[in-house]
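User: Please take a close look at one part of this model, and then set that part beside other regions and the chain as a whole. A single connected account would be preferred.

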Amino acid sequence: MSAKAISEQTGKEFLYKHICTAAAVQNRFRYASVTAETDWDRLTQEHSWLLTERLVVKPDQLIKRRGKLGLVGIDLDLQGVREWLSGRLMRETTVGKAKGVLKNFLIEPFVPHTQEEEFYVCIYATREGDYVLFHHEGGVEVGDVDAKAQRLMVAVDEKLSEEQVREQLLTNVPDDKKEVLASFIVGLFNLYEDLYFTYLEINPLVVTEDGVYVLDMAAKIDATADYICKAKWGDVEFPPPFGREAYPEEAYIADLDAKSGASLKLTLLNPRGRIWTMVAGGGASVVYSDTICDLGGVDELANYGEYSGAPSEQQTYDYAKTILSLMTREKHPQGKVLIIGGSIANFTNVAATFKGIVRAIKDYQGPLKEHEVTIFVRRGGPNYQEGLRVMGEVGKTTGIPIHVFGTETHMTAIVGMALGHRPIPNQPPMDAHTANFLLNASNSAVTPATTRTASFSEPRTSNDVTPAKKSKAGLPAAKATTLFRKQTKAIVWGMQTRAVQGMLDFDYVCSRDEPSVAAMVYPFTGDHKQKFYWGHKEILLPVYKNMADAMKKHPEVDVLISFASLRSAFDSTMEAMQYPQIHTIAIIAEGIPEAQTRKMIKMADEKGVTIIGPATVGGIKPGCFKIGNTGGMLDNILASKLYRPGSVAYVSRSGGMSNELNNIISRTTDGVYEGVAIGGDRYPGSTFMDHVLRYQDTPGVQMIVVLGEIGGTEEYRICQGIREGRISKPVVCWCIGTCATMFTSEVQFGHAGACANQASETAVAKNQALRDAGAYVPKSFDELGDVIKTVYDELVANGTIIPAQEVPPPTVPMDYSWARELGLIRKPASFMTSICDERGQELIYAGMPITEVFKEEMGLGGVLGLLWFQRRLPRYACQFIEMCLMVTADHGPAVSGAHNTIVCARAGKDLISSLTSGLLTIGDRFGGALDAAAKQFSKAFDSGMLPMEFVNKMKKDGKLIMGIGHRVKSINNPDMRVQILKDFVKQHFPSTHLLDYALDVEKITTSKKPNLILNVDGFIGVAFVDLLRTCGGFTRDEADEFVEIGALNGIFVLGRSMGFIGHYLDQKRLKQGLYRHPWDDISYVLPEHMSM
């Protein structure tokens, strides 16, 4: 959602902080907020003026006309305020149809003034610009301000001047107040623009000799501009509409939504209700709510919400478990129903998202059965058959009644089943598996000849293109009637390889001669080529770092498909419109600030460019061109016959619902000629009427379908066009959002523009107006397909449409990754791993989620145990590992590894090279004795050899005993590292048989020479064997295997790496130059014949 209401306190805080005006704004920051928890002593300390001034008190909960409702206490002292609040604070009251509890109040200084000093000012946004309304009489009795007020429209990108304000708004204002008001209104308008307000009303605005007083204020800001205005806004709290509580679960889902690239929305309407929904898609969620209300379920509808934009399995799980938790808190005498619905997805892997829902159902199976919950599922889209299968299986295994339906069932049919208005089929017909659509039924891999490019129902025309009309000098450029044709070429902004491959596959099944994507633009890499498939062949598409190069090298391109993020979409779109070759731009990003969208629209109108979006999946012209992910994957393209044109053109706001329209139209008519989803924002780049007029002027289109929506007045232009005869083709239209008029409080639906600001913007009013104008309007969305079929059949009957013979499309090979996802193929993996899994929502070490690792405070030793030994080791074992790493971390700069690292660092090499140089010295002579010592001592001990026998044998064989001996330390000068480890091991290890054996060997060797002690390598080696054998986590064979494969040397490598890195950093910090070994430290011994 974009435009969100803020509290009066927040609005005034923004105004007082940031307004820039010559007018003296009084009472800045003089307000105090009161709730049931308020400490009055502390409040008066923080706001001492409360004790000395007359006061005004009022609720600050988005309540309109508070004065008329008797909800404003005026000219009171502090005691009077408290007495006034005692009868209202935390009391339930009714405002209109909404019942709510008064919780938040605002206290401000009372401003004595006359009626003549009260004024009204309001600024609000429209598509063309911002209207400033002013009336010289303000206050409670202002009345119908729309009819009375002076108004001034400030066009997009234009500024407001004091002169304009004086001449057009202040004509009825006394001269002595004109200058102050003009300065204030200009300052207010600049504040409105700078802080991305979409609505700002002050009533009354009081102007006295002292200055300007802002008494009552209502405002909305564009929440999508948070990334721009964060420094000025700070952390903004958006209060719920009066009559609806703010629930922690809503805040939790809002937080999930903010952290996700997907969309997750939840509004609780009636937590005790028996009808719960979990719907995929912003448009579909509204349709399901409409249908529930149409069938009499409004009082039992518990929630409104939607998930879309390909949420991950974990995100879907978190969303689903929140809803399941809410619906299983209170029992209902009739049991409860959960409707898991959705339209046909364009790019979301249905099976993947259903995995999260299935996990949640399994976790809550007990409460779900206890509360007698019945679940109804209807979904379509990529891999939906697998998703439905899994959902059906979980019903069988848990015993929860789950009824599952696919695209063969009308989208909202499950609502009638859930509410008992229609029977539940025993064996619903299942459409063919995704893979079946991609199998070549003709047993021929040859691409058939190019098929018709105009309507499926009429002969092919030689020219399918209507060029943009040349405009007269000084007038905006006219836009093209035909946006896409069989030769259309596009540039894709963004590294969206999946979407591009989908476009190329669509091109191939449409028998296009060439791919529709000419190039890609991606600013974050250099120019390069990207590999794609064209049917069976591999092709390369160029990727450019900047748009200028792409446009210059591909002059045939006239479409830009922008997958730029919401932060960069504005700049990239404005840049694209500088190139005259671009006639159409599709903007996919959702959440672009409305002010930026309006600037893009203004430039597009000036340049004659058609914008589709923002916040859209795009559009499709069967047989010619598709935008990005529109139409879903190939199975849906083929099932909905989108590879060739039909006779019906449609325009919708919702991307998911546009795919549902593809399905409905393909089942009830000869198919789609063209379809566009204009996007869910308040100000889409192109409007319903823009596309309806295009379709009216396109010969191949015989009937038009419009899926309108609550909010805005665009549908009334269609009514006018029908009445005036500008639109003569049959129009079938339905506006979704009819449920909104049945709710007691305002609900913001999934699309930013889906909110009625006045009665004429409601879906009910628009449907009636369309019906009155002569459009074909069904009674509900449920009947939309029936009405489309009726109109189509009439056109066939009167000869307007002559259905043509079906032509089979060519076969497109399935991508390997998708075939594997569907379980159609198998292939041996190139690698196997059993220690770590990074594929899910959370990193897993040997079966343990990373959050658990930290929760259990396992430390580095515990992590090493998981990753090296696949075991959760005892605490003492983890501590011992960490001690080993600490004592082996470094042993000075003189040892070979450190020396090498230092020389490398001083030669200017990087950290990795220097570290590697040091590590390469580790072996039997330096550091690598851990494994060897462990093996030698273990073998001797296990064979029953006495310590003396072992020493004598090694001497006889001429072998060194690994782990025995030290250059500096001796029996008289012991190594404190060994002593620390020995004390710990003796105290904590359950058994130390091998260590005791090694210490007996040390007694023998030191009796011969004092420095033949058990050194740190030897100690760690033998102690580690004792650990593996006696900690209880390993069998004897497993313990021996770890020693054999070199695990113990890893301890030294890991520990000493810390020291080597330290030496590298030390040399860099000391800025040491290139090392050259001194001559006097080298003995030059040359052959005699060379030295003569």
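Analyst: Just after helix α15, Ser511 adopts a positive phi of about 60°; helices here are DSSP runs of H or I with at least four residues, strands are runs of E with at least two, and both are numbered from the N terminus. The model is predicted, so local features require pLDDT of at least 70 and side-chain atom pairs count only at pLDDT 80 or more, while totals for chains, interfaces and linings use all residues. Residues are numbered from 1 along each chain as its sequence is written, and side-chain values use heavy atoms, leaving out hydrogens and water.

Helix α15 itself covers residues 497-509, and its 13 residues should span 18 Å at 1.5 Å a residue. The expected span is 1.5 Å times one less than the number of residues. The end C-alpha atoms of α15 are 18 Å apart, in agreement with that expectation. Of its 13 residues, 10 are buried, and the helix is mostly covered; buried denotes under 20% relative accessible area, exposed over 50%, and partly exposed the range in between (1.4 Å probe, protein chains only). The buried set comprises Ala499, Val500, Gln501, Met503, Leu504, Asp505, Phe506, Asp507, Tyr508 and Val509.

Helix α10 (residues 313-327) offers a parallel case: its 15 residues should span 21 Å, and its end C-alpha atoms are 21 Å apart. Because 13 of those 15 residues are buried, α10 is largely enclosed by the rest of the structure. One residue of α10, Ile323, is touched by Thr277, contact meaning heavy atoms within 4.5 Å. Thr277 belongs to strand β15 (residues 275-277) and is buried, with a relative accessible area of 2%. Its other partners, leaving aside residues up to four places away in sequence, are Ile292, Leu301, Asn303, Leu338 and Ile339.

Helix packing can be followed at two further sites. The axes of α20 (residues 655-668) and α24 (residues 784-797) come within 9 Å and cross at roughly 40°. The two helices are therefore oblique to each other, and their crossing is right-handed. From α20, Leu661, Ile664, Ile665 and Thr668 make the contact with Leu784, Gly785, Ile788, Lys789 and Tyr792 of α24. By class, this contact has six nonpolar, two polar and one charged residues. At the second site, the axes of α28 (residues 875-887) and α37 (residues 1047-1069) come within 7 Å, crossing at roughly 55°. This crossing is right-handed as well, with Ile881, Cys884 and Leu885 of α28 meeting Ile1051, Leu1054, Gly1055 and Met1058 of α37. Six nonpolar, one polar and no charged residues take part there.

Across the whole protein there are 38 helices and 35 strands, and 55% of the 1092 residues are buried. The C-alpha atoms fill a box of roughly 115 × 90 × 80 Å along the principal axes. Among contacts between residues at least 6 apart in sequence, 73% join residues at least 24 apart. Ser48, partly exposed at a relative accessible area of 49%, lies in the loop between α2 (40-46) and β3 (55-59). From Ser48 to Ile922 the C-alpha distance is 74 Å, with their positions 874 residues apart in sequence.

Conventions
Axes fitted to C-alpha atoms, helices over the stretch in contact; angles between N-to-C directions. Left-handed = near helix turned anticlockwise from the far one by under 90°. Nonpolar A, V, L, I, M, F, W, Y, C, P; charged D, E, K, R; others polar. Parallel < 35°, antiparallel > 145°, perpendicular 65-115°, else oblique.
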